[in-house]
Amino acid sequence: MRNRYIEAFEKSQIESQTNNKVIPNFKAGDTLRLGIKIKEGDKSRIQNFEGVCICVRGSGVGKTFTVRKIGANNIGVEKIFPLYSESLEKIEVLRIGRVRRAKLYYLRQRRGKNARIKEKRIGA
């Protein structure tokens, strides 16, 4: 049970954060491409991070999600992002996965074809 004043404050914070950013609906199993704003010295650029969302947790302003990708030499890289972060420039859903779990931590032990997630068919 959350305090209604805290909920109202969080709602106003979320509205002020998302006035120009589009946040799509996604869940665990979806493949995402994130545009992350990176500042190097006085320059800033946007770097893409593409991977499978393995969990979404929290609520309100503190909502976070974890994205996992396989990097160089088959090393898994996981990053946790706050949903309403200033450094997230864009979130793009590339594939919608068909999974039966809310948290896909078991993918950490899987490699190669074992770690595949089926794609959800739309309209079929």
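**View 1. C53 and C55, two buried cysteines without a bond.** C53 is buried, with a relative accessible area of 0%. C55 is buried too, at a relative accessible area of 1%. This is a predicted model, and a search through the whole of it turns up zero disulfides. C53 takes part in none, and the nearest cysteine sulfur, that of C55, is 6.6 Å away. Where, then, does the sulfur of C55 find its closest cysteine sulfur, and why is there no bond? The partner sits in C53, and the 6.6 Å between the two sulfurs is too far for a bond. A disulfide is a pair of cysteine sulfur atoms within 2.5 Å.

**View 2. The whole chain, for orientation.** Let us step back for a moment. The secondary structure comes to one helix and five strands. Starting from the N terminus, the elements follow the order α-β-β-β-β-β. The C-alpha atoms fill a box of roughly 45 × 45 × 30 Å along the principal axes. Of the 124 residues in the chain, 26% count as buried. The chain exposes about 9100 Å², and carbon and sulfur atoms supply 48% of that area. Among contacts with a separation of 6 or more, residues 24 or more positions apart account for 52%.

**View 3. The open sheet of five strands.** In what order do the strands of this sheet stand? The order is β4-β3-β2-β1-β5, with antiparallel pairing. β4 and β5 stand at the edges with a single partner strand each, so one side of each has no neighbour in the sheet. Neighbouring strands are turned against each other by 40° on average, direction ignored. As general background, strands of a sheet pair through backbone hydrogen bonds, in a parallel or antiparallel way.

**View 4. β1 and its two partners.** Here you can follow β1 (31-40) along both of its pairings. With β2 the strand runs antiparallel, joined by 10 bridges. Look for I38, which stands opposite R45 in β2. β1 and β2 form a hairpin with two residues between them. G41, in the turn, has a positive phi of about 70°. The pairing of β1 with β5 is also antiparallel, with six bridges. In that pairing, I36 stands opposite L88 in β5.

**View 5. The largest nonpolar core, with L34 in focus.** Which of the 14 residues in this core touch the most other members? They are L34, F65 and F81. β1, β2, β3 and β5 each supply at least two residues of the core. β1 gives the most, with three residues. Residues in contact with L34, leaving out those up to four places away in sequence, include F49, F65, V67, F81, L88 and I91. L34 also touches Q47, N48 and K90. A second, separate core of five residues includes I54, L104, L107 and I117. In general, nonpolar side chains of soluble globular proteins tend to be buried together.

**View 6. T64 and the pairing of β3 with β4.** β3 and β4 pair in the antiparallel sense over seven bridges. One place to see this is V67, which stands opposite K79 in β4. T64 lies in strand β3. Is T64 buried or exposed? At 19% relative accessibility, T64 counts as buried, because the cut-off for that word is under 20%. Setting aside neighbours within four places in sequence, T64 is in contact with C55, V56 and R57, and also with I80, F81, P82 and L83.

**View 7. N73 and N74 in the loop between β3 and β4.** Our last stop is the loop between β3 (64-70) and β4 (76-82), where N73 lies. N74 has its place in the loop between β3 and β4 as well. What is the sign of phi at N73? N73 has a positive phi of about 60° although it is not a glycine. Phi of N74 is near 55°, again a positive value in a residue other than glycine. For background, most residues other than glycine have a negative phi. N73 counts as exposed at 74% relative accessibility. N74 is exposed as well, with a relative accessible area of 57%.

Key: Residues are numbered from 1 along each chain as its sequence is written. This is a predicted model: local features need pLDDT of at least 70, side-chain atom pairs count only at pLDDT 80 or more; totals for chains, interfaces and linings use all residues. Side-chain values use heavy atoms; hydrogens and water are left out. Helices (H or I, at least four residues) and strands (E, at least two) are DSSP runs, numbered from the N terminus. Buried means under 20% relative accessible area, exposed over 50%, partly exposed in between (1.4 Å probe, protein chains only). A nonpolar core is a set of buried Ala, Val, Leu, Ile, Met, Phe, Trp, Tyr and Cys residues joined through side-chain atoms within 4.5 Å. Contact means heavy atoms within 4.5 Å. Two strands pair if DSSP finds at least two bridges between them. Axes are lines fitted to C-alpha atoms, for helices over the stretch in contact, and angles run from 0 to 180 degrees between N-to-C directions. Accessible areas come from the Shrake-Rupley method with a 1.4 Å probe; for residues, only the protein chains shown count as cover.
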